[in-house]
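Colleague: Hi! Could you walk me through this one while I have a coffee?

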Amino acid sequence: MTANLDYRWHLREVMATRGMYTTTDLRPLLAERGIDLSPSQVYRLVVERPERLSLKTLMALLDILGCAMDDLIEPVTVRASGRKTATAGSTDSAPPGPAAGVGDFRPKRARIVPTEE
């Protein structure tokens, strides 16, 4: 059986480790580096796994987040049947999805208390 290569996109997790919890935090930083994306494009870049990504955008993301390409893109080996069997560089083969999100990096919920005048 032939193994196919696939990848996991970890932009959301890397942003969370840097304290960036919303996609609107990323747009002005990309604009500073000459990457002009609409709010919906930035949202899709963070939330979904991109199939086509310009190298300039990738380099801007690496510069903004101060990380390596290995932190954003994780190669994964997939069997032809569609089952994920091995992950390059790790033994964890959990499928991507909501469970593989930002995890413990979520901000604490704000409490609003009335002020006394």
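Modeller: Happy to; we can go from the overall fold to a pocket and then to some single residues. Keep in mind that this is a predicted model.

Colleague: Good to know. How many helices and strands does the protein chain have?

Modeller: The protein chain has five helices and three strands. Reading from the N terminus, the order is β-α-α-α-α-α-β-β.

Colleague: And what share of the residues is buried?

Modeller: Of the 117 residues in the protein chain, 28% are buried.

Colleague: Let's switch to pockets. How much space lies in the second largest pocket?

Modeller: About 290 Å³. Its lining includes Leu37, Gln41, Arg44 and Leu45, and further along the chain Glu48, Arg49, Pro50, Glu51, Arg52, Leu53, Ser54 and Thr57 also take part.

Colleague: Which helix gives the largest share of that lining?

Modeller: Helix H3, residues 39-47, with three residues.

Colleague: How does the lining divide into nonpolar, polar and charged?

Modeller: There are four nonpolar, three polar and five charged residues around the second largest pocket.

Colleague: Back to arginine 49 for a second. Which ring does its charged end sit over?

Modeller: The ring of tyrosine 7, with 4.4 Å to the ring centre. Arginine 49 is also one of the residues lining the second largest pocket.

Colleague: Nice. How many aromatic pairs turn up in the whole structure?

Modeller: Zero, after a search of the whole structure.

Colleague: Tyrosine 7 caught my eye. What is the C-alpha distance between tyrosine 7 and threonine 77?

Modeller: It is 8.0 Å, although the two are 70 residues apart in sequence. Threonine 77 belongs to strand E2, residues 73-79.

Colleague: Why does threonine 77 count as partly exposed?

Modeller: Because its relative accessibility is 22%, and buried would need a value under 20%.

Colleague: What about isoleucine 73, where is that?

Modeller: Isoleucine 73 is in strand E2 as well. Its relative accessible area is 26%, so isoleucine 73 is partly exposed. The C-alpha atom of isoleucine 73 is 5.8 Å from that of arginine 8, with their positions 65 residues apart along the chain.

Colleague: Changing topic: where is aspartate 36, and is it buried or exposed?

Modeller: Aspartate 36 sits in the loop between helix H2 (26-32) and H3. Aspartate 36 counts as exposed because its relative accessibility is 66%. Its C-alpha atom lies 9.5 Å from that of threonine 57, which is 21 residues away along the chain. Threonine 57 is one of the pocket-lining residues from before.

Colleague: One more threonine, then: which helix holds threonine 17?

Modeller: Helix H1, residues 11-17. Threonine 17 is partly exposed because its relative accessibility is 39%.

Colleague: What does the side chain of threonine 17 reach?

Modeller: The backbone oxygen of valine 14, at 2.6 Å.

Colleague: And how far is threonine 17 from aspartate 104, C-alpha to C-alpha?

Modeller: They are separated by 9.3 Å, while being 87 residues apart along the chain.

Colleague: Great, thanks for the tour!

Methods. Residues numbered from 1 in each chain as written. Predicted model: local features only at pLDDT ≥ 70, side-chain atom pairs only at ≥ 80, totals over all residues. Heavy atoms only, no water. Phe/Tyr/Trp six-rings, centres within 6.5 Å; stacked < 30°, edge-to-face > 60°. Lys NZ or Arg CZ within 6 Å of the ring centre and 35° of its normal. 1 Å grid on protein atoms, 1.4 Å probe; cavity = no way out; pocket = protein on both sides within 12 Å on 5 of 7 lines; lining within 4 Å. Points joined across faces, edges and corners; volume = space filled by probe spheres on them. Helix = DSSP H or I, 4+ residues; strand = E, 2+ residues; numbered from the N terminus. Nonpolar A, V, L, I, M, F, W, Y, C, P; charged D, E, K, R; others polar. Buried < 20%, exposed > 50% of the residue type's maximum accessible area, 1.4 Å probe, protein only. Polar contact = N/O pair within 3.5 Å; in protein donor to acceptor, adjacent residues only side chain to side chain.
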